[in-house]
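Trainee: I should like to learn how to read the features of a structure that is new to me. May we go through them one at a time?

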Amino acid sequence: MIKTHNLSKIFTTEEVETTALHNINIHIQEGEFVSIMGPSGCGKSTLLNLIGLLDSPSGGEYYLLDEEVAGYTERRRAKLRKYNIGFIFQSFNLIDELTVFENAELPLLYQKISSAERKERVEEILDFLQIAHRRNHFPQQLSGGQQQRVAVARAIVGKPKIILADEPTGNLDSKNGEDVMNMLVDLNNSGTTIVMVTHSPSHADYGNRIINLFDGEVVTQSTNGGQAVADRSEVRL
Amino acid sequence: MLSNFLKLTWRNLAKHKTHSSITICGFAVGIAACLLISLFIRDELSYDRHTPDGERIYRFYVEYHYQGNVYWSTSFPSPFAQTILNEYPEIEKVGRLFPVPLFGAGDRFFRRADQNQNFFEEGFVWADQGLIDTLQIPIVQGDPRKALSDPRSIVISKKIADKYFPSEDPVGKLLVVNNNAEQPYRIGGVMADFPQNSHLQYNFFMSLAGTPFGQRETTRWTQSNHNTYALLKEGVDSVALQEKLKNVIRNHYKPAFEAEGSVVAKDIEEMVFIKMLPVRDIHLKSVGILEPGGQTRGDIRFVWLFGMAAVGIFLIACVNFINLSTAKSANRAKEVGLRKVVGSNRALLIQQFLGESLIISAFSFALAVVMAELFLPVFNHLLNKDLSLPWMTWQFPLLLLVAILVVGFLAGLFPAFYLSSFKPISVLRGSLSMGSRSGSIRSVLVVFQFSACILLIIGTIFVYRQQQYILSKPLGYDREQVVMIEGTNVLGQQIQSFKQELRKLSGVESVSISDYVPIAGGTRNGNGFWKEGRSTLDPAVNGQRWIIDEDYIQTMGMRLVEGRNFSVEIQSDRQAAIINRRMAEKLGLSNPVGSRITNGFAVNEVIGVVEDFNFDSLTSEIFPLCMNFGYASRIVNLRLVAGQHQQTLDSVQSVWAQFVPNQEFRYNFLDESYAAMYENVRRMLSILTWFSVLAIVIACLGLFALSAFMTEQRSKEISVRRVIGASFASILQMLSLSFLRLVFISFMIAVPFSWYLLENWLNTYEYRINLRWDVFIYAGMIACGVAILTVSYHAFRAAHRNPVHGLRSE
């Protein structure tokens, strides 16, 4: 589902070149829950942004859903993103001027889904995430945990194949953090591929594989808790 | 600390080159425009300020109320001046000016009595010694107390004296005017040249002493030709004096009109009012007063319009400055936060930002002065003036310095307080939601700018259309291919043979002798007309009496709708008249041909009627016209065969040289003179166009800044939307729509306002276009187009960036 070959990213500012990622080779199968770990500045978020098509790589190959997308224009990347990928951020990134309902509805608007269906699907998700009672509130009126629920609602409402989460629990207390992790596990169990960047070893353990990054390179990849990747995909089939 | 500020300011300017140059250039353009406009206003307000005791000197004028209309005139009967001096002790001195071209004012040929060559000069006028005394016109040679006292004396300007009497004393020398060698003028004095900002512009004062126009003219109250000035005694209440002048109407005008059996005598006290205008207001407040010399006056409304434009452009420029400064706030926010963290207080920061804006203000003023100097020639050309920046006065550099400080301070105040208010914690955390507080102010400013723009666009379009309409309107005569040879009165008796010679030329279709040409500047008069025998019973029909020859109608391409033309063979045609339709209508002649009309002196039989034609500016309606047979010899008109003008004119000139070898050959094309009548419309149009362009450019700069600001402010939102799947189009649409809403509001404000202003302006024209909705729509579309183009630059950039940029605020 996600496969990179010698993927790299170099940031250039006036005179200085910084290599953020160097020859990254990873392979993520459909239905996996992968955690990416590493110290600050090792390139975790950069990698996630490349995987999520939010940024373009400086070199290497990137196959998403068996398509080579590294050289795609922003227009084509946007289209792929819209139908396949949902994002969850550490700082939630909700739009302050929109209500809970409107924030969650946004992806469906851009997918040109009819108003009746939008309403139905958003309500269903908000119910599922137990945030429906705050549907007419604005983000600033919510707690951090509630805001992240809205962000999760927004990420999954378009039924994406992949969810990318960038330290989704980083701004939350442990109780709310646990809740969010459980939601991700539930989503994974229903078949969604999840890639998550985290600092927290305990949260990383929710995934079935951990990729460790250091100074822009993959150092180790380990499978977690005996759940073989192949097994899961066979189960799904 | 100061060097730190300066270094930072400089680096900030240098770092954002585009932004800095937009800020400084935009500001400079606005200031330059203000400078130029201020020069114009300063010049307009300076008129006649140099006159000594100017606050006590007045020019009289008459206000006529007639058939619901009001007319103004500065013409008074000859005895008016002496009479008020005798009867009103408030008046210290009086003076008269007689500027009527028919009697010899205007352009003339003259020569020194001891030479043969004639020269053509402008600025002849009749005046009396009282005028020199009243206006205290400086006499540089000769006796100021009696330079014009003697009959047939003349006062010439310094310029003329230097030209024709170099290194000689001209006083006492003789001048021959219009080849009239029997009655030369003796130079009684030389006066200083009138400054350019004087309402009087003359080179020759011919004395009114004696009886230059006949004995009767000097005592008659029913004939008005004299402009009259008075110097009041100190402390006199001019309003009270003006009220008392009603007695002049009662005691002098009324009996005189009664004695001539005129029907106006009865109501004259309700119809005619004598008023006084301070000499210093003549230039700007004589709108609507017909000046016999045809001089152009200013218009106080124009000064106001320009003043408002200057203030408006200046405000727009300041607004832009503020917009552009706050637009960069995100970049500065971090600096502010850090400075606060390391111990700066708010006052210090405010000082820093004010200092920056003072530096930018100084840069902008320097650039503005350069721009103003560069554009001064263009501006002078537009206004037909000769203005310059007054570097030589001590006030101007001082004023610039003060303006730099004040403008820099005022424009920097808002950004300074705004930028320095950022809280260090929120700035450094990156969770600052910027500018939402000041967003509404900014929107109001943009609406203000765009309303002004749309107003100017609409105004420019309609002024242009009105001008085209006037210039292409059928006039009732054919102004193409007609050449007017001027000053042909010097031919004297030879004029008929001159006409015969010209007729023989192959390129000439027809030739007519008449100085009553149908454009402004042609000879004009005012007469009352009646049906025969009704002159003491009916009110007069006011009209013109023109003298034309038998070829005039053909040469001018006019159309005879009834009856016949004048004929040299028919002796009785000397007492006949051809009238225009309007005259027939106003007199109520159902069968005009064969009817008899009178102007109170002679009775004429009407032999023909011409189609109405415009002979004055199209701002006025067509007047009733009576044309009599004769030879008014100042102008000879030629209708030329198309396509060989230059050749024909060369042969005409050689014929002229045979007849009068010492005279300059002067001619004008009728169509060009016609276009010159609308010179002020053209001038207004070009000024309006310039202001429109300027306002649009400045408003676009403002919008550019605002869109930069708003996209910056919304960059996180834009990125989030992009991440979720928004297309370019939808981002572009989202950003443009919020601006288009502002443009739409501006449009709704500008339309009724411009409709009202244009209706009023167009109503000053007798022949006018109608306002059309579609033009308003076009103007709105232009404004929208410009707005979209300006905004889409930033929107496009925002929509094309990798979405991760907006999210990486931590």
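**Reading the model feature by feature**

Mentor: Let us begin with a single residue, Ser198(B), which lies in the loop between β10 (185–191) and β11 (204–207) of chain B. Please keep in mind throughout that this is a predicted model.

Trainee: Is Ser198(B) buried or exposed?

Mentor: One reads this from the relative accessibility, for which buried means under 20%. Ser198(B) has a value of 5%, and therefore counts as buried.

Trainee: Which residues is Ser198(B) in contact with, leaving aside its neighbours within four places in sequence?

Mentor: They are Tyr47(B), Asp48(B) and His50(B).

Trainee: May we take another loop residue for comparison?

Mentor: Consider Val264(B), located in the loop between α7 (246–259) and α8 (268–271) of chain B. Its relative accessibility is 27%, so Val264(B) counts as partly exposed. Once residues up to four places away in sequence are set aside, Val264(B) touches Phe257(B) and Met271(B). Distance in sequence and distance in space can also be read together: Val264(B) and Lys254(B) are 10 residues apart in sequence, and their C-alpha atoms are 8.6 Å apart.

Trainee: What does chain B look like as a whole, and how many helices and strands does it have?

Mentor: Chain B has 25 helices and 25 strands. It consists of 810 residues, of which 53% count as buried. Among the contacts in chain B with a separation of 6 or more, 78% come from residues 24 or more positions apart.

Trainee: How should I read a strand such as β5(B), and which strands does it pair with?

Mentor: The general idea concerns the side chains: in a regular strand they alternate between the two faces of the sheet. In the present case, β5 of chain B covers residues 106–112, and 5 of its 7 residues are buried. One partner of β5(B) is strand β6 (residues 119–127) of chain B, in the antiparallel sense, over 4 bridges. A hairpin of 6 residues joins β5(B) to β6(B). Strand β9 (residues 174–177) of chain B also pairs with β5(B) in the antiparallel sense, here over 3 bridges.

Trainee: Which residues stand opposite Phe110(B)?

Mentor: In β6(B) the residue opposite Phe110(B) is Phe119(B), and in β9(B) it is Val177(B).

Trainee: Let us turn to salt bridges. How many does a search of the whole structure find?

Mentor: The search finds 43 over all chains. To read one of them, identify the two side chains, then ask where each lies. Arg56(B) and Glu234(B) meet in a salt bridge with an N to O distance of 3.9 Å. Arg56(B) is in the loop between α2 (17–45) and β1 (57–66) of chain B, and Glu234(B) is in the loop between β12 (224–232) and α6 (238–244) of chain B, so the pair ties together parts that are 178 residues apart in sequence.

Trainee: Are the partners Arg56(B) and Glu234(B) buried or exposed?

Mentor: Arg56(B) counts as buried, at 11% relative accessibility, whereas Glu234(B) is exposed, with a relative accessible area of 68%.

Trainee: What can be said of the salt bridge between Glu550(B) and Lys499(B)?

Mentor: Its closest N and O atoms are 3.2 Å apart. Glu550(B) lies in the loop between β18 (541–548) and α17 (552–555) of chain B, while Lys499(B) belongs to helix α16 (residues 495–504) of chain B, so parts that are 51 residues apart in sequence are tied together by the pair. Both Glu550(B) and Lys499(B) are buried.

Trainee: How does one read the contact between chain A and chain B?

Mentor: The size of an interface is often given as the accessible area lost when the parts come together. Chain A and chain B bury about 1800 Å² between them, with 57% of it on carbon and sulfur atoms. Across this interface the rule finds 0 salt bridges, and the count of residue pairs in polar contact is 2.

Trainee: Which elements give two or more residues to the side of chain A that touches chain B?

Mentor: They are α2 (74–84), β7 (85–89) and α3 (100–110) of chain A. The largest share, 5 residues, comes from α2(A). By type, the residues on this side of chain A divide into 10 nonpolar, 4 polar and 8 charged.

How values were computed:
Residues numbered from 1 in each chain as written. Chains lettered and ligands numbered in written order. Predicted model: local features only at pLDDT ≥ 70, side-chain atom pairs only at ≥ 80, totals over all residues. Heavy atoms only, no water. Buried < 20%, exposed > 50% of the residue type's maximum accessible area, 1.4 Å probe, protein only. Contact = heavy atoms within 4.5 Å. Salt bridge = Lys/Arg side-chain N within 4 Å of Asp/Glu carboxyl O. Buried area = accessible area lost by both parts, 1.4 Å probe. Polar contact = N/O pair within 3.5 Å; in protein donor to acceptor, adjacent residues only side chain to side chain. Nonpolar A, V, L, I, M, F, W, Y, C, P; charged D, E, K, R; others polar. Pairing = 2+ DSSP bridges.
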